[in-house]
Amino acid sequence: MKHWWNWRKQSDELEKEIQHHLQMAETERIERGASQNEAQTGARREFGNVGLVKELARDVWGWRWVEDLYEDLRFGMRMLGKSPGFTAVAILTLALGIGVNTAAFTAYKAFLDRSLDARDSSEMVNLALILHSGAADSYFSYPDYETYRDRLHSFSGLIADSGNEFLTLSDAGNSESRRSSADGSLAGKLGLLPSNISDKEFASTMVVSENYFSVLGVLPLRGRTFGEISELAASPTVLISENYWQKRFAGDPALLGKSIRLNGVALTVIGITPRNFVGTHLLVPDFWLPLSLSPLLHPAGGALRDRENLCCLVRGRLAPGVSIEQARAEMTVLAGQLSALHDPHSEWGKPATALIWPGSPFPLPPERLSGGLKYAVLLVMVAVGMVLVIACANVASLQLARAASRQNELRMRLSLGASRLRLVRQLLTESALLGMLAGVVALMLSWTFMKGLATVAAGAFPAQYGTLIFRVSPDPGIFAYVFTISLAAGILFGLAPALESSRSALSAALKANAGTSPMRSRRLRGTFIAAQVAVALALMIAGSMLIRSCIRALKVDTGYDIKRVVNLTVQFPEDPKYNAERESALVRELRTRLADLPDVAAVTSASPPVYGYRRAAVSLNGETPSAQNTRTVLCFSYVQASYFQTLGIPLLLGRNFQMQAGQPELSVILSESAAKKLWPDENPVGRSLRLGTDGQFHRKDEALPDGPTYQVIGVAGDTRGATFDGSDAELVYVPLADDRPQDYSILVRTWSDPERFPHEVRAVISSIDPDLTAESHTLSELVRMTATFFLPALAAVIATPVGLIGLFLALMGIYGTVSYIVVLRTREVGIRMALGAKKRDVVGLMLGEITRPVLAGLFVGMFLAAGASYLLRGALYGLNTVDGITFVSVSAMFLAIALFAAWLPSRQAARVDPVVALRYE
Amino acid sequence: MPYQNRMELLQGTLDLLILQTLMWGPRHGYGVAQAIRANSGELLQVDAGSLYPALHRLEKKKWIGAEWKVSENKQDVKVYKLTAAGRKRLTQERTRWEQITDAIAGVLNPAKKENQP
């Protein structure tokens, strides 16, 4: 700015100086007897070219470039204004490309790359340990946390949180909005929320250490935050979030100081946290509960004093002047001392090193996050990057076509003495100007989009689940990003056409003949079109493969009934009165009562098949399965005899399970594929096998089928499970003893309307025990929540609009380019028509010019798509890597649309009047 | 190449002439041109296209200073004057100029030079 001002001042002064010179010369001539007029012209003649003198004098000060830039910008603006159609299309194209990129970058930053919600959040860090095995673990036990908090000097404060819990809320007054909000939320509409079968109200509660708010440096909106631990034990308190206070209590100021009950424990609401305050999380919870009160609310579990109970994520504020490296060194020493206090057989009993990284809501540093997430982020970034490539190629081909029609102007400027560099600079300035304008439009576009997305995110869950906060506040980094992209894009797409057209203008200046585009720029234009088509086609194919994969995941024959089977999970109150015997009895009674309902066909206790199964090694010779004798590793599932009827799985051979004196017999039923795998071409009934789960994943206290020899008594139809490759169709059904049915879901096959069924169940449950709560889903709803469906669905939701934008941009490019070719070749068309060419021939000529690059693009695009689908293979359900139908149909459709886009402007050429065309120049 | 050499010579000479002219007191641009013309017996005509770039170049090098004054007919006039650095430069330029003219004279009249000692 200062530069600019200096330059203006300098200019004014020079002007004055020259005027003075002229005046002096004039006065002198008049004194010598010349007339006014003679004096004036004489002085001017003697002085010479005023403009040139000014320019030379200013050159001395090195202002030339400012002036040139100013001139270029002014001229560029005028040129852009002269062809508003081109300008609008180019700006819109680039804006779409840049906008999509900005949106993706903002979303990434707002969601994955965000810091903690704290004052001076750059001082906050996350803590974790790299265990002896090399794995990073960010969960600490409460006693360990206390030790770190009290003994580390590198931190001015350490906080712990054990995450989000759903607690029953009572004594909170009536809430009218509760039911309707659950149905109106996005997640509710998508069927992602369970139907809650109880009159109980739940609230999401974040459990955090007492110093949480003071270390984060956040003051309550009203009231106060937690006091000392001793004080909390005497009078239990809780904080409420502003969002929930508004949603659930309509901002009632009288709530402060009142008491509510969570899990039946009376707690005084002492403060309200600021609106949208998420602390160390992504969601605004309904309540914040101090960690020290956790045992009070969970009398059965919640052993805070247990050093092996890894409950909490730990974060800290670095003390002033302490580096992450220093803090890490101090923490590693203390971690070594603490490992001596742990069970020496566990991983935590072995030496570990500390891991500290800048504060983030995610439990692990970015480089250690799961591969799937990084992969998804990369995929999205590549896809949106490709859209930008299309947009740039598009505008470049437009620019090239326009530059071709500007040959006359460029030639004129060259012959008037403009240097080639100067012309290139002029064209580049125009491109950069386009890029900047597009950047501004893109910023507005993506901003509106992100704001909309943030609103959707905030309303995605009903109040009791908390509020998802998606911060899209103005960020200088994002501004910088957009403008860098738009400027770079401007220069990038302007470069090739600028060099090309200045070169051709130079050579063409020597030849008198113009009117057809030079061969070189035609080839370049073809390359740009081919590039657009290739990239857009790859995006389209990837998108449609993902969509087909989703449809397949929904439509695929699972081998069991997913529409008529309801999965019911029962929760018991957290109360010592509910012991294992009572819970089992309640589940058994519930099962009996459900089976008595008129429209229920069958009831069973089992895990729903949609989540996949555990695996066990199989040996056939009666030995315990070991590395030497294992025949294969198969999936297994514990089921009751009623399982097959409930899910509608046919028994193909043999018989069903029978109970012997209340205990299951030692027998198994194999799925068809499992039978084929173990005994190909033989009758498996009557054979026996042993199972071993050693080395396979299983949870603590889970029933295991290890040990006994099982006899195969039957073969059931294949079912499709949760894996992408369908490997879990090979399944061993192991009979389930009915001693702990509360560990399993209740599956119900019903003829009733799945919408109405939860209400019938609710009546049954409250007649058995009004304190029970339950959730119900149909199996098809559960399928939609599994990774098998969800991953490709999410990928399709992102890839499809991106692909469509790509297609749209490529078509605009083809349309625009053909329009320019038509204008360029008007004279040629006129000659052809004068010599007797038909309209059809002319259209064919125009289409011919575009067909070759489009075909080349389709060819390259198919290769790109094959590569993309190879990368996507992990997310595609039941499709070959190269899905022929998709490839051929999408390419054919693309070709048809591309030719249509080229045909529209080609008709213009056919309407050329030969006489007019020949007079054209 | 020869063209460039000529430019350099002229440029250097013009700088010397301007500095010398300002030796006798501050002047505006037109005044400098007039003084050079008068003192060279109307032989040297400095055109504006060379004068102003030269003046601004010398100003940028801080050999001459510039100052805005108001003339009798109430006009803003830019007046140049010699700085201390300019004075020093002038001495150097003069010495160089005299060496060059001596040298050229020596080449043009070789006999004289041999006879001199």
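Strand β6 (residues 201–208) of chain A is mostly covered, with six of its eight residues buried. Buried here means 20 or more other C-beta atoms within 10 Å of the residue's own; exposed means 12 or fewer, and partly exposed lies in between, with C-beta atoms placed from the backbone. This is a predicted model: local features need pLDDT of at least 70, side-chain atom pairs count only at pLDDT 80 or more, and totals for chains, interfaces and linings use all residues. Residues are numbered from 1 along each chain as its sequence is written, while chains are lettered from A and ligands numbered from 1 in the order in which they are written.

**Strand β6 and its partners**

Helices (H or I, at least four residues) and strands (E, at least two) are DSSP runs, numbered from the N terminus. Two strands pair if DSSP finds at least two bridges between them. β6(A) runs antiparallel to β4(A), joined by eight bridges. Within that pairing, E201(A) of β6(A) stands opposite L169(A). β6(A) also pairs with β12 (residues 287–290) of chain A, in the parallel sense and over four bridges. There, T205(A) has F287(A) in β12(A) as its bridge partner. Strands of a sheet pair through backbone hydrogen bonds, either parallel or antiparallel.

**Chain A as a whole**

Chain A has 28 helices and 28 strands. Of its 921 residues, 40% count as buried. Two residues are in contact if their C-beta atoms, placed from the backbone, lie within 7 Å. Among contacts in chain A between residues at least 6 apart in sequence, 84% join residues at least 24 apart.

**Two helices of chain A**

The arcs below are those of the directions from the helix axis to the C-beta atoms.

| Helix | Buried residues | Arc of buried residues |
|---|---|---|
| α6(A), residues 142–151 | Y142(A), D144(A), Y145(A), Y148(A) | 155 degrees |
| α19(A), residues 580–595 | V587(A), L590(A), R591(A), L594(A) | 100 degrees |

The buried residues of α6(A) fall within an arc of 155 degrees seen down the axis, so they line one face of the helix. Their cover includes β3 (139–141), β4 (155–170), β13 (310–318) and α13 (324–339) of chain A.

Helix α19(A) has 16 residues and reaches 23 Å from its first C-alpha to its last, close to the 22 Å expected at 1.5 Å a residue. The expected span is 1.5 Å times one less than the number of residues. The buried residues of α19(A) cover an arc of only 100 degrees, which puts them on the same side of the helix. They pack against β16 (565–571), β17 (600–606), β27 (745–750) and α22 (757–768) of chain A. The face turned away from this buried side carries the exposed residues E581(A), A585(A) and T592(A).

**Where chain B touches chain A**

The contact takes 15 residues from chain B and 16 residues from chain A. On the chain B side, α2 (29–39), α3 (48–60) and β3 (76–82) of chain B each give two or more residues. α3(B) gives the most, with seven. By class, this side of chain B has five nonpolar, five polar and five charged residues. Ala, Val, Leu, Ile, Met, Phe, Trp, Tyr, Cys and Pro count as nonpolar, Asp, Glu, Lys and Arg as charged, and the others, Gly among them, as polar.

**The sheet of chain B**

Three strands of chain B form an open antiparallel sheet in the order β1-β3-β2. β1 (27–28) and β2 (64–70) of chain B stand at the edges with a single partner strand each, so one side of each is left without a neighbour in the sheet. Two bridges join β1(B) to β3(B). R27(B) stands opposite Y80(B) in β3(B).
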